[in-house]
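Here are some exercises to work through with the viewer open. Try each task before reading its solution.

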Amino acid sequence: MAALWLIKTKIDEFIKKLAVSPVKRFYPTAVTNYTGVNLKEAFDYLVELERHGILHLYWEAKCPNYGCSRVLGTFEDFNAAPLGKTMNCVCGHEFELQLDDIFPIFEIDKEYREHIKSEMAEKKNQNRLVLLR
Ligand SMILES: [Zn+2]
């Protein structure tokens with residue numbers, strides 16, 4: 001198990017980089033790929049950031065057809081996903097929605113993104129002033 005401060009430092013850095021990029025939503029696996037933190041520990045910390053209002057958690061129902069993976073629905077509440085319901089995808093695949101077809105996705109809070117962007121811009125300006133001296 002990784003130290004909590006290390007998990008926090010790595011994931012905070014990842015979120016800040018994303019906040020100033022055009023990416024608004026990401027899967028927990030993107031975090032594990034970028035930071036090397038394992039999925040369980042990464043997810044726990046992401047949920048903590050959700051409690052702080054930095055992230056919003058959604059659930060996506062995806063087509064399980066190999067190579068398709070189209071998003072067929074997004075739910076704020078996990079329990080709102082229609083488990084067991086027959087779904088039709090535009091790829092022609094028909095299936096009953098299973099737990100395995102539902103994936104968590106995190107969205108970065110809009111106001112948090114604005115905050116990080118202005119913080120970055122301020123830092124840039126400060127650096128410029130130093131260079132001008
Ligand atoms: Zn499909």
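**Exercise 1.** Which residues does Phe26 touch, not counting residues up to four places away in sequence?

*Solution.* Before starting, note that this is a predicted model, where local features need pLDDT of at least 70, side-chain atom pairs count only at pLDDT 80 or more, and totals for chains, interfaces and linings use all residues. Residues are numbered from 1 along each chain as its sequence is written, and side-chain values use heavy atoms, with hydrogens and water left out.

Step 1: pick the cut-off; a contact is heavy atoms within 4.5 Å. Step 2: list the hits for Phe26, which are Phe14, Ile15, Leu18, Val31, Leu46, Leu55, Ile105, Phe106 and Ile108.

**Exercise 2.** Place Phe26 in the largest nonpolar core, and find which element gives the most to this core.

*Solution.* Step 1: sort out the terms. Buried means under 20% relative accessible area, exposed over 50%, and partly exposed in between (1.4 Å probe, protein chains only). A nonpolar core joins buried Ala, Val, Leu, Ile, Met, Phe, Trp, Tyr and Cys residues through side-chain atoms within 4.5 Å. Helices (H or I, at least four residues) and strands (E, at least two) are DSSP runs, numbered from the N terminus.

Step 2: the largest core has 28 residues, and Phe26 is among those with the most contacts inside it, along with Ile11, Ile15, Leu46, Leu49, Leu55 and Ile108. Step 3: two or more residues come from each of α1 (4-19), α3 (39-51), β2 (55-62), β6 (102-108) and α4 (110-132). α1 tops the list with six residues.

**Exercise 3.** Work out how the buried residues of α1 are arranged around its axis.

*Solution.* Step 1: the buried set in α1 is Ile7, Ile11, Asp12, Phe14, Ile15, Leu18 and Ala19. Step 2: look down the axis of α1; these residues fall within an arc of 165°, so they line one face of the helix. (The arc is that of the directions from the helix axis to the C-beta atoms.) Step 3: find their partners, which are β1, α2, α3, β2, β6 and α4. Leu4 also lies in α1, but Leu4 counts as exposed because its relative accessibility is 63%.

**Exercise 4.** Do the same for α2 (residues 28-35), and say what follows this helix.

*Solution.* Step 1: Pro28, Val31, Thr32 and Thr35 are the buried residues of α2. They cover an arc of only 95° around the axis, so they sit on the same side of α2. Step 2: this buried set packs against α1, β1 (25-26), α3 and β6. Step 3: after α2 comes Gly36, with a positive phi near 80°.

**Exercise 5.** Which atoms hold the zinc ion, and what is the geometry of the site?

*Solution.* Step 1: donors are N, O and S atoms within 2.8 Å of the metal (3.2 Å for Na, K and Ca); water is not among the atoms, so sites may look incomplete. Step 2: the protein donors are the SG atoms of Cys63, Cys68, Cys89 and Cys91, at 2.2 to 2.3 Å from the zinc ion. Their spacing along the chain is C-x4-C-x20-C-x1-C.

Step 3: the angles among the four donor atoms are 107 to 112°, making the site tetrahedral (four donors with all angles between 85 and 135 degrees). Step 4: check accessibility. Cys89 is buried because its relative accessibility is 7%, while Cys91, at 32%, is partly exposed.

Conventions: Tetrahedral: all angles 85-135°; square planar, octahedral: opposite > 155°, others 65-115°.
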